[in-house]
Amino acid sequence: NAKADSAKLVMIYYSWFGDRYSPFEVNVYKMDKGKTFEESKLYRSDISVDEYCSKTNLLGSKIFSASDYAVVRNDTTSVSIKLSDEFVTSF
């Protein structure tokens with residue numbers, strides 16, 4: 001009888017390039033076009049997002065830098081993004 005009260009997406013990256021303190025913005029949208037990812041396949045970051053979603057249902061967003069200047073993170077190769085309450089209820 002478990003019921004979800006929150007959800008998050010954890011993104012892991014192995015490398016990055018550019019200024020370590022430059023901000024990155026990641027937006028998470030609902031995949032509403034019927035095409036999904038294969039679990040065991042690696043995907044490049046330059047895929048065509050339009051094949052997977054219409055970008056009308058934003059589930060979460062986060063701005064971060066590859067290396068934080070003011071805050072020390074335990075794991076500097078992952079980012080956690082809280083997903084919307086609407087997503088949790090529909091889940």
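Two aromatic rings, from Phe, Tyr or Trp, count as a pair if their centres lie within 6.5 Å, and such a pair is called stacked when the planes are under 30 degrees apart. With that in hand, let us walk through this structure, which is a predicted model. A search of the whole structure turns up three aromatic pairs. One of them joins F24 and F64: their ring centres are 5.5 Å apart and their planes meet at 25 degrees, so this pair is stacked. The two partners come from distant parts of the chain, with F24 in strand β2 and F64 in strand β3, 40 residues apart. F24 is partly exposed, because its relative accessible area is 31%, whereas F64, at 10%, is buried. Elsewhere, F37, Y43 and Y52 gather into one aromatic cluster.

Now let us step back to the overall plan. The protein has one helix and four strands, and along the sequence they follow the pattern β-β-β-β-α. Its C-alpha atoms fill a box of roughly 40 × 35 × 25 Å, taken along the principal axes. Of the contacts with a separation of 6 or more, 69% are between residues 24 or more positions apart. A single example of two parts of the chain coming together is S15 and T77, which are 62 residues apart along the chain but have C-alpha atoms separated by 7.8 Å. S15 sits in the loop between β1 and β2, and with a relative accessible area of 60% it is exposed.

What lies inside? Buried residues make up 19% of the 91 residues. In soluble globular proteins, nonpolar side chains tend to be buried together. Here the largest nonpolar core has nine residues: Y13, V26, V28, L59, F64, A66, V79, I81 and L83. Strands β2 (23-29), β3 (58-65) and β4 (78-82) are the elements that each give two or more residues to this core. F64 is worth a second look, as this residue belongs to the core and also takes part in the stacked pair with F24.

Turning to the outside, the accessible surface comes to about 7700 Å², with 52% of it belonging to carbon and sulfur atoms. Some nonpolar side chains are found here too: M31, F37, Y43, I47 and V49 form a surface patch, with about 370 Å² of accessible area together. F37 and Y43 are also members of the aromatic cluster with Y52. M31 lies in the loop between β2 and β3 and counts as partly exposed, because its relative accessibility is 34%.

That loop also holds K55, whose phi is near 60 degrees, a positive value in a residue other than glycine. Most residues other than glycine have a negative phi. K55 is partly exposed, with a relative accessible area of 44%.

Charged residues bring us to the last stop. Side chains of opposite charge can pair when their charged atoms come close. How many salt bridges does a search of the whole structure find? There are three. K35 and E51 meet with N and O 2.6 Å apart; both are in the loop between β2 and β3, 16 residues apart. K35 is partly exposed at 37%, and E51 is partly exposed at 40%. R44 and D46 form another salt bridge, at 3.2 Å from N to O. Here R44 is exposed at 62% relative accessibility, and D46 is exposed at 53%. Finally, K82 pairs with D85, their closest N and O atoms being 3.5 Å apart, and both of these residues are exposed.

Note on methods: Residues are numbered from 1 along each chain as its sequence is written. This is a predicted model: local features need pLDDT of at least 70, side-chain atom pairs count only at pLDDT 80 or more; totals for chains, interfaces and linings use all residues. Side-chain values use heavy atoms; hydrogens and water are left out. A nonpolar core is a set of buried Ala, Val, Leu, Ile, Met, Phe, Trp, Tyr and Cys residues joined through side-chain atoms within 4.5 Å. Buried means under 20% relative accessible area, exposed over 50%, partly exposed in between (1.4 Å probe, protein chains only). Patches are made of residues with over 30% relative accessible area and no salt bridge: like charges are joined within 9 Å, nonpolar side chains (Val, Leu, Ile, Met, Phe, Trp, Tyr) within 5 Å. Accessible areas come from the Shrake-Rupley method with a 1.4 Å probe; for residues, only the protein chains shown count as cover. A salt bridge is a side-chain nitrogen of Lys or Arg within 4 Å of a carboxyl oxygen of Asp or Glu. Rings of Phe, Tyr and Trp (its six-membered ring) pair if their centres lie within 6.5 Å; planes under 30 degrees apart count as stacked, over 60 as edge-to-face and the rest as tilted. Contact means heavy atoms within 4.5 Å.
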